[in-house]
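Biologist: Please take one part of this model and describe it closely, following its contacts outwards into the surroundings.

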Amino acid sequence: MVRILLKGNVKAHITDWFKSFQSLKNIGQTDGVSKKLTSPNSTEILLPRLQHKNSQSQKIEGIIPRHSPIITYSQPQYQPKPTVNAYLPDITRSIKNLENGLLDVFNNNRQWANAVRLQDAKFFETLAKGQEPKLFWIGCSDSRVPAEIITKLGFGEIFVHRNIANQFKEDDTNCLSELEFAVYNLKVEHIIVCGHTKCGGIQNAYNDLALRENLKIWLSDIRKIKDSYPELFPDQFTESKMSKSEIDFIHKKLVSVNVINQVNKISENIIVKEAWKDEKRRLAVHGWIFNMENGHLEDLYVTRNK
Ligand SMILES: [Zn+2]
């Protein structure tokens, strides 16, 4: 059994979600044996079996698959500050400004480098010495979700991996090697899986659009989750009768479940489990969402640190 305590913005949408779907209670519990979701390569999808118990206390309890060890969801390390000062980022640039094509990219770069030097003459000298980021970010490749900008983190502060729909796959040596490097070489303290609203990868997986071969394979785990929970994710016919806000709401649920799935897979990976054998090691895996409608990061409160 796992217990997730929901707080803040997440409380409303997840709690309402589960309230609406009491039928989740028995999903995956056939004849006392948890149902396994499997990818085409028979890779397990470690999706927690959640069920709504008590809406008043805003607690959600769930049953995890029996093939998975007991999972303890810890309280989040991160606590939002009560007040946050305004910051004015430079959002004036866009691809439309590239009147001279890629030459503008180089000009932008030189302008930026010169401006940095004016601000700090030794900036690049310091930069060349190395990196010590505490955060490893696994996000979507979407050009609207640049990790460094939305977190307002600087050079050397965040190690980044991005792919379509922020997937973690056990056979993806690209992401695995980065995880290895982040955990054992950089010794990061936080691994963050960050999905986002209006995610094209999620929308494509949801609607099963005519995707080419590689993209279809890449998004297949999301599609399987969607197909496994028809109570949560209605078919296209039902969806066609829904309002735009209802569709957005449902898509955000799939974004959330997808993030939780990646958090669980990373937490079950040998790279992370080995690191957790060291009791002194600080390493937590978090699930977040970037809300494109207001620019806010939302913590799903599924942090795992053992
Ligand atoms: Zn995306």
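Modeller: Helices H8 and H10 lie oblique to each other, because angles under 35 degrees count as roughly parallel, over 145 as roughly antiparallel, 65 to 115 as roughly perpendicular and the rest as oblique. The model is predicted, so local features need pLDDT of at least 70 and side-chain atom pairs count only at pLDDT 80 or more, whereas totals for chains, interfaces and linings use all residues. Residues are numbered from 1 along each chain as its sequence is written.

The two helices pack at an angle of about 120 degrees with their axes 11 Å apart (axes are lines fitted to C-alpha atoms, for helices over the stretch in contact, and angles run from 0 to 180 degrees between N-to-C directions). H8 passes H10 in a right-handed crossing (the near helix is turned clockwise from the far one by less than a right angle). On the H8 side, Ile222, Ile225 and Lys226 meet Leu254, Val257, Asn258 and Asn261 of H10 (contact requires C-beta atoms, placed from the backbone, within 7 Å). Two of these H10 residues, Leu254 and Asn258, are also in contact with Ile202, as are Ala165, Ile222, His251 and Val255, leaving aside neighbours within four places in sequence.

Ile202 and Trp137 have the most contacts inside the largest nonpolar core, which has 43 residues (such a core is a set of buried Ala, Val, Leu, Ile, Met, Phe, Trp, Tyr and Cys residues joined through C-beta atoms within 7 Å). H8 (220–228) and H10 (244–268) each give two or more residues to this core, as do S8, S9, H5 (173–185), S10 (190–196), H6 (200–207) and S11 (284–291). The largest share, 7 residues, comes from H10. These elements are DSSP runs, numbered from the N terminus (helices H or I, at least four residues; strands E, at least two).

Within H10, Ile266 offers a route to the strands. Ile266 is buried, with 23 other C-beta atoms within 10 Å (buried means 20 or more such atoms, exposed 12 or fewer, partly exposed in between, with C-beta atoms placed from the backbone). Not counting residues up to four places away in sequence, Ile266 touches Phe168, Ile191, Val193, Val272 and Val285. Phe168 is 98 residues from Ile266 in sequence, yet their C-alpha atoms are 7.1 Å apart in space.

Ile191 and Val193 point one way from S10 together with Gly195, whereas His190, Ile192, Cys194 and His196 point the other way, and all are buried. Since 7 of the 7 residues of S10 are buried, this strand is largely enclosed by the rest of the structure.

S10 belongs to an open sheet of 5 strands in the order S9-S8-S10-S11-S12, with mixed pairing (two strands pair if DSSP finds at least two bridges between them). Its edge strands are S9 (158–163) and S12 (296–299), each paired on one side only, and the twist averages 25 degrees from one strand to the next. S10 runs parallel to S8, joined by 5 bridges, with Cys194 opposite Gly139. S10 also runs parallel to S11, through 7 bridges, and here Ile192 stands opposite His286. Further out, S8 (135–140) and S9 pair in the parallel sense over 6 bridges, where Phe136 has Phe159 as its bridge partner.

Methods: Contact = placed C-beta atoms within 7 Å.
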